[in-house]
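Please walk through the model shown here, beginning with how strands are joined and ending with how two chains meet.

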Number of protein chains: 4
Amino acid sequence: MTNKRKIINDPVYDGFLTIEDDIVFDIISHPYFQRLRRIKQLGFTHLVYPGAMHTRLSHALGALNLMNRALEVLQVKGVELTRDEVLGARIAILLHDIGHGPYSHTSEFMLADMRHEACSRLFMERLNEEFGGSIATAISIFENRHPKHFLHQLVSSQLDMDRLDYLGRDSFFTGVSEGIVGTDRIINMLNVRDDQLVIDEKGIYSVEKFIISRRLMYWQVYLHKTVVAADTLLFGALRRARRLAEGGDTLGLAGTPLFDFLSHHYSEQDFRSDPSLIDRFALIDDSDMACALKGWSRHSDTVLRTLSDQIVNRRLCAVRVANRPFDPEAASTFRTQSQLLYNVAADESEYFVTTGVLRNHAYDYNDQEIRVLFKDGSCRDIGEASDQLDRHFLEKQVTKYYICFPKELR
Amino acid sequence: MTNKRKIINDPVYDGFLTIEDDIVFDIISHPYFQRLRRIKQLGFTHLVYPGAMHTRLSHALGALNLMNRALEVLQVKGVELTRDEVLGARIAILLHDIGHGPYSHTSEFMLADMRHEACSRLFMERLNEEFGGSIATAISIFENRHPKHFLHQLVSSQLDMDRLDYLGRDSFFTGVSEGIVGTDRIINMLNVRDDQLVIDEKGIYSVEKFIISRRLMYWQVYLHKTVVAADTLLFGALRRARRLAEGGDTLGLAGTPLFDFLSHHYSEQDFRSDPSLIDRFALIDDSDMACALKGWSRHSDTVLRTLSDQIVNRRLCAVRVANRPFDPEAASTFRTQSQLLYNVAADESEYFVTTGVLRNHAYDYNDQEIRVLFKDGSCRDIGEASDQLDRHFLEKQVTKYYICFPKELR
Amino acid sequence: MTNKRKIINDPVYDGFLTIEDDIVFDIISHPYFQRLRRIKQLGFTHLVYPGAMHTRLSHALGALNLMNRALEVLQVKGVELTRDEVLGARIAILLHDIGHGPYSHTSEFMLADMRHEACSRLFMERLNEEFGGSIATAISIFENRHPKHFLHQLVSSQLDMDRLDYLGRDSFFTGVSEGIVGTDRIINMLNVRDDQLVIDEKGIYSVEKFIISRRLMYWQVYLHKTVVAADTLLFGALRRARRLAEGGDTLGLAGTPLFDFLSHHYSEQDFRSDPSLIDRFALIDDSDMACALKGWSRHSDTVLRTLSDQIVNRRLCAVRVANRPFDPEAASTFRTQSQLLYNVAADESEYFVTTGVLRNHAYDYNDQEIRVLFKDGSCRDIGEASDQLDRHFLEKQVTKYYICFPKELR
Amino acid sequence: MTNKRKIINDPVYDGFLTIEDDIVFDIISHPYFQRLRRIKQLGFTHLVYPGAMHTRLSHALGALNLMNRALEVLQVKGVELTRDEVLGARIAILLHDIGHGPYSHTSEFMLADMRHEACSRLFMERLNEEFGGSIATAISIFENRHPKHFLHQLVSSQLDMDRLDYLGRDSFFTGVSEGIVGTDRIINMLNVRDDQLVIDEKGIYSVEKFIISRRLMYWQVYLHKTVVAADTLLFGALRRARRLAEGGDTLGLAGTPLFDFLSHHYSEQDFRSDPSLIDRFALIDDSDMACALKGWSRHSDTVLRTLSDQIVNRRLCAVRVANRPFDPEAASTFRTQSQLLYNVAADESEYFVTTGVLRNHAYDYNDQEIRVLFKDGSCRDIGEASDQLDRHFLEKQVTKYYICFPKELR
């Protein structure tokens, strides 16, 4: 039935995504996928960059778009792919992030005791059942069990369609032009050698630029201190909410899926033994969190109320970032002052003062390398192939330390 | 205190909004304004254009940015403005849409019995009290009581900063490049003559383009039939929810502000007599609606459940659009079929079949005209000034008719 | 030999043109085509819009890019095309403007007594000989003799790849954003019905926008009065140069191809009888004209010297534009004054005062109509299909009158 | 006379340059400046990136635009500037490259025996005379003699308006998105401390990005091997032409300014003793070179004819690039083969085989440092301030070696 053929507008690529496969169309129409409309790609980043309201759904569709182009480029270069493999790669990228919960990374581990990848796998398995096994190839690609290894690399590696899409997309919606990547050029330079995804020699500069842009996006957007502040407040609010729930408080959420997950610590094992759990999890998204926080901003518990109000009305805590760890004394002093400021108990003051670490490396030598294919047929790691980004540069990991504390104590 | 000076990134203008006034900064920080973060500019449009998640907050800031530029251009051209007038115009544009409820226009009249402009006025008056009268000039500009009439025209007319920003912004986030307007050029061509905002002769083509682009955005985006379908479903769901609330159903929303507004019909008069009402209204935004719909998609009432599920999971009804009204017979037949399809009562079937009218004119001769200033000092309406867009063209109003009905009956 | 496969960067389409066919590559490499590097797409427009230095070569490659996409879209929609037809359409669009001389339209008829289309045909025929007949299909498409009529429409009609490329390209390089057209959308909406190129119903608004944008580009760019002024000066200079050549002056160009064409009036017939003529014509481009004008700006003849200097150093004449013809008296007075101003003979003064007509219609009912394909399978002309751009609007032809005269007489 | 106030469209900045000063307007109108219309910013780069036809004139105007913004930002931050200093900085940036000859850098030293900066100074001095000394401040800024040192840094340093404009402009016209720089952000972060231009701490990432982008543009555009090939051919052709001129050949250029400069070796001293020399130099631009090459491509001398033809018809020589110098044997063999291939004398074969070095460092520790101003008031060099781009990285100079030889010998 080609009448399902569909075109979706995407401002990032100045054009359209064309969906040709019925099953891809059906997956997109599934409630599991549609829920991604209600999960922002970048959590609280919009508190700094107001345009950053884009969703996981738009990212998944964008990554599918890039996958389509990449597969086409590889086929033109003589890489043979069966219809089933093409479809598998498309579905794998479409579903690679399906397991995200509210505010994407921000809520990871706070609602269920597992990484979002594990959760993605649960959703995929369920969909595979519903679609009579037609997602099996996609799952094997996602889990790196497919014999054509490079298909997995297109979905998950240091130069995958996921990263290419999110860098471009996050640049577009934040307005941070520094993140712009020569996506078209990189995709045009993709190739396969010895079952590995590689980059044609001519693409070296674009890959260098990609590595640098990604790093800049980390410091300018993903690890922006205001976003860190909001995340910290949310972690605190959720911890406090859990604590209150343990004491019997229904948090104004009686009977809701969110309350279910805040009053339990479900593990992957639980999800596997109770198939209904994933369906309940699928009911939770950013809107539940936003509503809960608004409700909690009028809660009787001072800690929960204060933290929630700070998020809802963007009265965020102060953050300091430094190149070395903060003196524990400093945190301790802030805690004592917070106790007075908010009139809370000593052990409650720790909700208002948090320290932590921000870390990013341009490139990860423990992950899949980015390999460059030279004209003479040889392949080398980008660290060797690049004139400029040598191993010294690439291995360097930047670590920073932050402390969050009440703005009033600044 | 210049330490409040702040720069905000806006992807639409490829740059920054600089906020220089403390009071502007304080208004932006106010919960009434921060709530606009949780109200999408284009309601359900993201169901068609997934990028269209941008908020009322980003639009208000963008319009402020254009206002800043416009005031600068006018001053360079010799228009004299006091500090108070500049500030007033800035605040007026910042707050012009503060009264919007969830999903912007979609929920207008459904929660309270007044237009969003009336609601904006209520918010402004309250803020004026809070800020010790410093918003008075802004209010007089907004309400067109300020002696310098053109300041109101910058806020509200057929070529105001509101329209310029939303056309550009909505084009940007939907990816519909047809809506792109030469904003810079138009603003550079603004002038004032006899206390009227006018366009320098050289800007005629840009204004023509603006009028055409706006019309195209109407048909391609604002009145897109899929958006109409979703709006229709929401109207139905809210109507049904109100009906059930009258019958004593708490809709799973007991004690929430949303329930308050769904179980009453507050008028502007009510808002004026009970000052707390506006504060409760300010607590409602897109997230409440999203949560309510998700909850209702599992409600026992078939009508409410069905309509809500169709929105939440994007299983929208079918829509047909035609140049003449649909035969009442057609609607009637669809209703009978819906009754069977959903197993509901005859009077309930009307929730599933809706007819209506879509209407747009390129230009409104009953509104403020767009006037062109010629080199010889004379002014003429754009309809006279333009070689191409004559009155015949501009007056033409396009009317279309739609019918929504269950997809299964297609 | 796929080693000729080549990627060319094009800033307009944010990406690449991929050349797959050897013969296409060979045509691009031919001196006839390479000379288009030295012919600006928009003649003197860069005097107003300094970015508008783009060449006929870049336009030809861009139009080829759009042709590739259009052919792909049509094939996906089930239009059957042989390999030979695809190649023919590609070459036809690549060569459609090969016959342009210096400054594109500006020098038409000044060097040879024929339209640039006739000249394009001469080049094509010659190339067809050189390439052993492999351009025959392209020529039959170009000349509308190919049985698949729609292929010609892709090359030359009111919605062809030529117009789509030049509108987008000229917008890009001038910076006049009003000309931006939803090229991707229009191409995605192309279809074929009854051997006619048509637009799917969903593309109506984009076509409306295209028609409006094109009109705006005419008045804002192509017929810009400063460009008209420069063109007028060039016509004068060339006329004067011819006159002097008749009198035996070698114009500092003795032995050059440009002199050959300035001292003769070659007709199409001449080109057909003397095959070397086209080769000599191919040696002339913008650089010859620029050099000649610089040389002439120091020539002893006052008329030639004055006109040339005005072009070279952008000391252009004044232009007035009006909606009705100028009084012949006005021109006559300006001529008398010019005589004094430049100290020239009465009959020479006419070089400095020129009147003329500027004319543009949005749409030409005498040309190929733009037809819209409705879902019910019916086709209608855009004037009937559009709600807004009715025949009244489309037929309207705007005519303006200009007079150019020495700036000093302003 | 504010009637000279002028707006110029620039596609790069999505808007306009407004010219407010009469003298700036008059300089732009001067033939010395207008000649920059006929000098491409990037010489032969358009042979690889066909969009790169932009001129020195557009770059000079763009840099002026950035200077205007930078001066405004500095003034808002409290840097005091007199009217004369503002004007001086504007004129200095406008004229910083006025001395370029045909194809910009490509022809440096080939026509006159001095750097383009020396030539710029000559033009500036002459203009200063013509304008009655009003350019004196601009010259003192340009030559770094002005007491406010940071004004010179805005014109010429490692983060000046020149570089900011050319990186953005060259990216725009080539379509190499890797070069895009956050110009707005960098300019917003400019500041002055101790009479030095500095970058506010928040701008660190943008400066890092700027350094990386510039490096990438070097390797991807400025030192592109095809451009190197064309440059090499031009050097060869000019050397040969000079040699033939020494032997009495007029090169088809008798009496032209180009011939004057090809048959002499004028030094800066010559220019200073003969004031008419600079005027003759001002008559030479890209068009003369293009015409000469076309003429020479039919010259009787095999060397000149062959080299010229290769440029004109883009039949470029082959280039190999390597990380170490080529074996002299290789060049020697290629020369012997060339002798046979072109049937030329042994000493003529060296025109067809050239070796050379390409060199670029990201940052130059011998030049003005880029200094970062921290919140605590301290300043540090970018190499110390950046977490990632340490001295090791910044000091690294990349050197490559190339050899050009006839394509047929590949």
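Two strands are taken to pair if DSSP finds at least two bridges between them. In this predicted model, that criterion applies to chain C, where eight bridges join β6(C) to strand β9 (residues 397-405), the two running antiparallel. Within this pair, C:Gly356 stands opposite C:Tyr402, the latter belonging to β9(C).

The pair is part of an open sheet of three strands in chain C, whose order is β5-β9-β6 and whose pairing is antiparallel. Since β5 (318-322) and β6 (354-361) of chain C stand at the edges, each has a single partner strand, so one side of each is left without a neighbour in the sheet. From one strand to the next, the twist averages 25°.

Chain C also offers a helix whose length can be set against expectation: α11(C), residues 225-246, has 22 residues and reaches 31 Å from its first C-alpha to its last, which is close to the 32 Å expected at 1.5 Å a residue. After this helix comes C:Gly248, a residue whose phi is positive, near 100°.

For the chain as a whole, chain A can serve as the example. Its secondary structure comes to 19 helices and nine strands, and its C-alpha trace spans about 70 × 50 × 35 Å along the principal axes. A compact globule with 410 residues would have a radius of gyration near 22 Å, and the 23 Å of chain A agrees with that.

How, then, is chain B related to chain A? A rotation of 180°, with 0.0 Å of shift along its axis, superposes chain B on chain A with an RMSD of 0.0 Å, and that is the relation of a two-fold axis. In chain B, the C-alpha nearest the axis is that of B:Ser287, which lies 2.2 Å from it. The same surface serves both copies, in that 100% of the contact residues of chain B recur in chain A.

In terms of residue numbers, 31 residues of chain B are in contact with 31 residues of chain A. On the side of chain B that touches chain A, at least two residues each are supplied by β1 (6-10), α2 (31-34), α3 (56-76), α8 (161-174) and α15 (286-296) of chain B. The largest share of that side, five residues, comes from α15(B). Sorted by class, the side of chain B that touches chain A has 14 nonpolar, eleven polar and six charged residues.

Note on methods: Residues numbered from 1 in each chain as written. Chains lettered and ligands numbered in written order. Predicted model: local features only at pLDDT ≥ 70, side-chain atom pairs only at ≥ 80, totals over all residues. Least-squares fit on C-alpha atoms with pLDDT ≥ 70 in both. Contact = placed C-beta atoms within 7 Å. Helix = DSSP H or I, 4+ residues; strand = E, 2+ residues; numbered from the N terminus. Nonpolar A, V, L, I, M, F, W, Y, C, P; charged D, E, K, R; others polar. Expected span 1.5 Å × (residues − 1). Axes fitted to C-alpha atoms, helices over the stretch in contact; angles between N-to-C directions. Rg over C-alpha atoms; globule rule 2.2 N^0.38 Å.
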